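User: I'd like to go through this model and hear the reasoning behind the labels people put on it. Can you take me through it?

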Amino acid sequence: MEKKPKILVFDLDYTLWPFWVDTHVDPPFKKGLQNKVVDAHGRTVHYYSHVPEVLKQLSEEGYELGVASRTTEIKGAKQLLDVLGWKKYFNYIEIFPGCKVAHFSNIQKSSNVDYKDMIFFDDESRNIVDVGKLGVHAVLVQDGVNRRVVEDALGSFGRQ
């Protein structure tokens with residue numbers, strides 16, 4: 001039996017959606033025509049297409065999920081998770097500026113899960129390096145989270 005992680009943690013910007021929430025879109029966010037999410041200027045807010053399905057599947061499979069984002073647009077990022085309908089999937093939401101080590105410290109304390117039992121997905125090498133030093137299985141994401149990225153990460157985690 002392959003080893004399974006207890007918590008999977010995702011960055012937001014350029015990991016779950018293809019923009020920086022503090023510079024490329026403008027809160028508040030709301031549902032617009034055809035149930036699309038729009039920003040304050042009525043621009044449609046896009047996300048990586050596989051993300052809703054991936055989050056739903058991981059949640060249904062019993063994984064605990066978390067968010068670790070260093071954005072300065074804390075309120076907007078949380079609102080966007082809510083309007084997109086993704087907030088329900090996350091047991092841990094750590095959104096504030098600063099080193100991701102602080103985000104993971106908070107997740108570890110509130111979950112009582114060892115770092116070695118976590119996977120982290122992020123698009124920035126510096127975050128992968130910082131969090132990897134804690135013992136977290138850190139995965140560099142190139143073009144957003146999709147099913148293959150997650151399956152590959154779960155497979156490599158299980159072979160550790």
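Analyst: Sure. One bit of vocabulary to start with: helices and strands here are DSSP runs, at least four residues for a helix and at least two for a strand, numbered from the N terminus. By that naming, Asn112 lies in the loop between α3 (100-111) and β6 (118-122). And keep in mind that this is a predicted model.

User: What makes the backbone of Asn112 worth a remark?

Analyst: Its phi is near 60 degrees, a positive value in a residue other than glycine. Gln34 is another case: not a glycine, yet phi is positive, about 55 degrees. That one is in the loop between β2 and β3.

User: How do you know whether Gln34 is buried or exposed?

Analyst: Exposed takes over 50% relative accessible area. Gln34 has 71%, so it counts as exposed. Asn112 comes out at 66%, so it is exposed too.

User: Over to the aromatics. Why is the pair of Trp17 and Trp86 called stacked?

Analyst: A whole-structure search finds six aromatic pairs, and this is one of them. The centres are 6.2 Å apart, and pairing needs them within 6.5 Å. The planes are 20 degrees apart, and under 30 degrees counts as stacked, so that's the label.

User: What makes you say that this pair links distant parts of the chain?

Analyst: Trp17 is in the loop between β1 (7-10) and β2 (30-31), while Trp86 is in the loop between α2 (74-83) and β5 (90-95). That puts the two 69 residues apart.

User: Trp86 also pairs with Tyr47. What kind of pair is that, and how do you know?

Analyst: Those ring centres are 5.2 Å apart, with the planes at 75 degrees. Over 60 degrees counts as edge-to-face, so Tyr47 and Trp86 get that name. This pair links distant parts of the chain as well: Tyr47 is in the loop between β3 (37-38) and α1 (51-60), 39 residues from Trp86. Ring pairs also bring in Phe19, giving a cluster of Trp17, Phe19, Tyr47 and Trp86.

User: How do Tyr47 and Trp86 rate for burial?

Analyst: Buried means under 20%. Trp86 is at 2%, so it is buried. Tyr47 has 35%, which falls between 20% and 50%, so it is partly exposed. Trp17 is buried, just as Trp86 is.

User: Why say that the charge of Lys3 sits over a ring, and which ring is it?

Analyst: It's the ring of Phe157: the charged end of Lys3 is 4.6 Å from its centre. The distance cut-off is 6 Å, so that part is met. The label also asks for a position within 35 degrees of the ring normal.

User: How do you know that β4 pairs with its neighbours?

Analyst: Two strands pair if there are at least two bridges between them. β1 and β4 have four and run parallel, while β4 and β5 have five and also run parallel. Leu8 stands opposite Leu65 in β4, and Gly66 has Tyr92 in β5 as its bridge partner. With α2, β4 and β5 make a right-handed β-α-β unit.

User: And what makes β4 count as mostly covered?

Analyst: Five of the six residues in β4 (residues 64-69) are buried.

User: Which peptide bond is cis, and where is it?

Analyst: The one joining Pro27 and Pro28, with omega about 5 degrees. Pro28 lies in the loop between β1 and β2.

How values were computed
Residues numbered from 1 in each chain as written. Predicted model: local features only at pLDDT ≥ 70, side-chain atom pairs only at ≥ 80, totals over all residues. Heavy atoms only, no water. Buried < 20%, exposed > 50% of the residue type's maximum accessible area, 1.4 Å probe, protein only. Right-handed = clockwise from strand over helix to strand, strands pointing away.
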